[in-house]
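The following paragraphs go through a predicted model. They take up the cysteines, then a sheet, then a helix.

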Amino acid sequence: MLEYTQTDIWVRFQRMRKNDCYYMSADDAHGTPIMLTASQKGISPEEHIDKIRESHEADFKDFLISVDNYYSTHSSENKELCESIFEVLKKNDHIEEREISQAFDSKENIFLADRYVKGTCPVCGHPEAYGDQCEKCGSALSPTELDNPVSTLSGNQPVLRKTIHWYLPLDQYEDFIKEWILEGHQNDWKPNVYGQVKSWVDNGLSARAVTRDLEWGIPVPVEDATGKVLYVWFDAPIGYISSTKEWAANEGKDWKPFWQDKDTQLVHFIGKDNIVFHCIIFPIVLKAHGDYI
């Protein structure tokens, strides 16, 4: 509840100052952890996220959290918006299709999300690095770069299998991120956020997959993409927009000024491990689309 409490304090302060401030949030409903936890409990992912939502809403009530709208990324609004954004990016050549070799757990019979592969960091030698990032040195990684990789699900060494995925070319937006965070707004960021983003940029941004081989999630809106969904950290930040749309519909307001007006300020309260998604990938998605600030 820490980030929700911090956000609530900030939002209440802004309202006391008579600023037009709204508090939007949503459950991150997709991703491998949700699917696996639901399976372990013997329930569907939908049932699992419904129980999480009930728990969160009870906590909000107990802590007097003044959220304006609390939604779910597993909603019709978010599905439609994510599909629309993906299709615009693909149409404008901001999404690249690639055949890759991906880590696969033969024992569990599943392609492994980056976080389900651990090994030794090739940059600093940290033995507990994840397949997407080293928590010690902050380096951006891929599972195939790790030394001595193992599946966190079975403990076995993953094998590589061919698969098709769609990539967001982050490297094409390196100058944009440099200006947005490291130069143009450097005093607006917390030191740890600035430092981690700088580390990513200094090491060079590279294209990153925005799809996964899973049954649970928002299906990739491409013909013959059965069994593939949008990566949770593609659809989760878009959930803020979807939550705003749902709130605006209920309030009889127009949602667009909140996401398409240059005078709007967006402030994120996040966990420390989510910096790259909120501060690099999400801004690049919005920039590549072109209709969002």
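The structure contains zero disulfides. Cys124 takes part in none, and the nearest cysteine sulfur to its own, that of Cys134, lies 3.7 Å away. A disulfide requires two cysteine sulfur atoms within 2.5 Å, so a separation of 3.7 Å does not count as one. Cys137 is likewise in no disulfide. For Cys137 the nearest cysteine sulfur is that of Cys124, at 3.7 Å. Both residues can also be placed relative to the surface: Cys124 is partly exposed, with a relative accessible area of 35%, and Cys137 is partly exposed, with a value of 28%.

The next element is a sheet. Three strands make up an open sheet with the order E6-E5-E7, and their pairing is antiparallel. Strand E6 (129-130) and strand E7 (147-151) are the edge strands, each pairing on one side only. Strand E5, residues 117-120, is joined to E6 by two bridges in the antiparallel sense. Within this pairing, Lys118 stands opposite Tyr130 in E6.

Helix H5 spans residues 174-183, and its buried residues are Glu174, Ile177, Ile181 and Leu182. These residues are on the same side of H5, because they cover an arc of only 80° around the axis. The face turned away from this buried side carries Asp175 and Glu183, which are exposed. What lies over the buried residues of H5? The cover includes helix H6 (191-203) and helix H9 (275-289).

Key: Residues numbered from 1 in each chain as written. Predicted model: local features only at pLDDT ≥ 70, side-chain atom pairs only at ≥ 80, totals over all residues. Heavy atoms only, no water. Buried < 20%, exposed > 50% of the residue type's maximum accessible area, 1.4 Å probe, protein only. Helix = DSSP H or I, 4+ residues; strand = E, 2+ residues; numbered from the N terminus. Arc of directions from axis to C-beta. Contact = heavy atoms within 4.5 Å. Pairing = 2+ DSSP bridges.
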